[in-house]
Amino acid sequence: MKNFATIRQCKVNFKKKINYKTYNWIAAAAEDGFTSEINSEALKQIIIKPQLLSKTGYPDCSSNFFKTKIKFPVLLAPMGHQTQFHRNGEIETCRGAFKSDIISSFGTQSRMSLDDIRKSNKNAKLTWTIFPFGDLKWIKNQIKNAEKNNALAIVLCLDANVRSCRYKDLESFYDARKIGKRTNPISPNPEKSYFYDWSLIKKLSKFTKLPIILKGILTSEDAIRAIENGAKGIWISNHGGRMFNSGLSTSHALFSINKKLKNHRIIKIVDGGIEKGSDIIKYLCLGADFVAIGRPAIYGLAVNGNLGVSRIFEILKKELRTSMINGGFKNLKSFNQNRLILNKFKNIYGI
Ligand SMILES: Cc1cc2nc3c(=O)[nH]c(=O)nc-3n(C[C@H](O)[C@H](O)[C@H](O)COP(=O)(O)O)c2cc1C
């Protein structure tokens, strides 16, 4: 069924529509998937305190993503290999995100090339995510091409140097690379990524005028290194638990990074486990400037193409707005940690 009223209903429709092996591929995470589960578990452990008679009016969630004005603090996370889910893959996803005025991210693991995504989505607001799977010259060429295609920022994905061992995937004997077409060339040499250090970030931040965002940051130590080396944004993420079975949820990571980075103005994006409006409120109260949506956008893509992707974002917009009015949040400034009860959260992590 193409129609869905909620994200959980979309997920049910997705599961019915898609081959179980492909379903396992998207659900899969590193080893037994513990880190993916803990993203959702940690969100559940956070309690939001409602505040009555707060004169919320019509809540205003507008802000700036660097120089771009946006009305809703939600982005589309980069996800590779999307032609498994729709013939046009990332081109279609971009169309859906743009319909809902959402900034989308695609990257070097995309099946469709940036030129092709841009050709079909002339006005889309997008960022380009680079896995450092080649030499410096290749990375710089990726950046130049992103500049040529009017990307708003460069995202460097630093947490996925080698494909992890995902039990769900391995036990399905599924190879995603064999399903669906591609126009984006395969990156030349993933093993190059094992040998980079922080000097790469310094070089690249001098090379481009576009803001550089580092994706995969989970500790305050790495967040500070990101700032010191010229990054303008950090993307707090464990890749939806898909790469390293660390057991570290992104809520916990955001909480501890925010404590150390209080006096630094750096854009903080977070992702992991968001499936409803109140999840967004929790991350914003923990200190994120923006949240990003991963798997649910793919459910929407497979179920109803660009209309499905857009519907996912419209559902989240409505849920965020209603939760803000009923919970007493007027605008982005109303989100702060005083509005959370983190006791259960503290018990889990001892913070
Ligand atoms: C199927 C799939 C493919 C992904 N591919 C990429 C990728 O190519 N680049 C990247 O930076 N992150 C990738 N990610 C991670 C997402 O950008 C994001 O961090 C994660 O999905 C967020 O968690 P969520 O799925 O629980 O929302 C991928 C995630 C999934 C589920």
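**Exercise 1. Contacts of the ligand**

Task: In this predicted model, which residue places a polar side-chain atom 3.2 Å from a nitrogen atom of the ligand, and what do the backbone contacts add?

Solution.
1. Start with the side chain. His 239 has a polar side-chain atom 3.2 Å from a ligand nitrogen. The cut-off for a polar contact is 3.5 Å between N or O atoms, so this pair counts.
2. Turn to the backbone. At Gly 80, a backbone N or O atom lies 3.0 Å from a nitrogen atom of the ligand.
3. Arg 295 also contributes through its backbone. A polar backbone atom there is 3.0 Å from a ligand oxygen.
4. Now take the cover. On its own the ligand has 600 Å² of accessible area, and the protein covers 95% of this.

**Exercise 2. The shell**

Task: How many residues surround the ligand, and how do they divide by class?

Solution.
1. Count the shell. The ligand is surrounded by 20 residues.
2. Pick out the closest. These are Pro 78, Lys 215, Asp 271, Gly 273 and Arg 295.
3. Sort by class. Nine residues are polar, seven nonpolar and four charged.

**Exercise 3. The barrel and its helices**

Task: What is the strand order of the closed barrel, and which helices lie on its strands?

Solution.
1. Trace the strands. Eight of them form a closed barrel in the order 4-5-6-7-8-9-10-11, and the pairing is parallel. From one strand to the next, the twist averages 30°.
2. Check one pair. Strand 6 (residues 126-130) and strand 7 (residues 154-157) run parallel and are joined by three bridges. Thr 129 has Val 155 of strand 7 as its bridge partner.
3. Add helix 6 (residues 136-148). This helix lies across strands 6 and 7, at about 175° to strand 6.
4. Add helix 9 (residues 220-228). Helix 9 packs on the sheet and touches strand 8 (212-217) and strand 9 (233-236). Its direction makes about 165° with that of strand 8.

Methods: Residues numbered from 1 in each chain as written. Predicted model: local features only at pLDDT ≥ 70, side-chain atom pairs only at ≥ 80, totals over all residues. Heavy atoms only, no water. Pairing = 2+ DSSP bridges. Helix = DSSP H or I, 4+ residues; strand = E, 2+ residues; numbered from the N terminus. Axes fitted to C-alpha atoms, helices over the stretch in contact; angles between N-to-C directions. Contact = heavy atoms within 4.5 Å. Near = heavy atom within 4 Å. Polar contact = N/O pair within 3.5 Å; in protein donor to acceptor, adjacent residues only side chain to side chain. Areas by Shrake-Rupley, 256 points an atom, 1.4 Å probe, with all protein chains shown as cover. Nonpolar A, V, L, I, M, F, W, Y, C, P; charged D, E, K, R; others polar.
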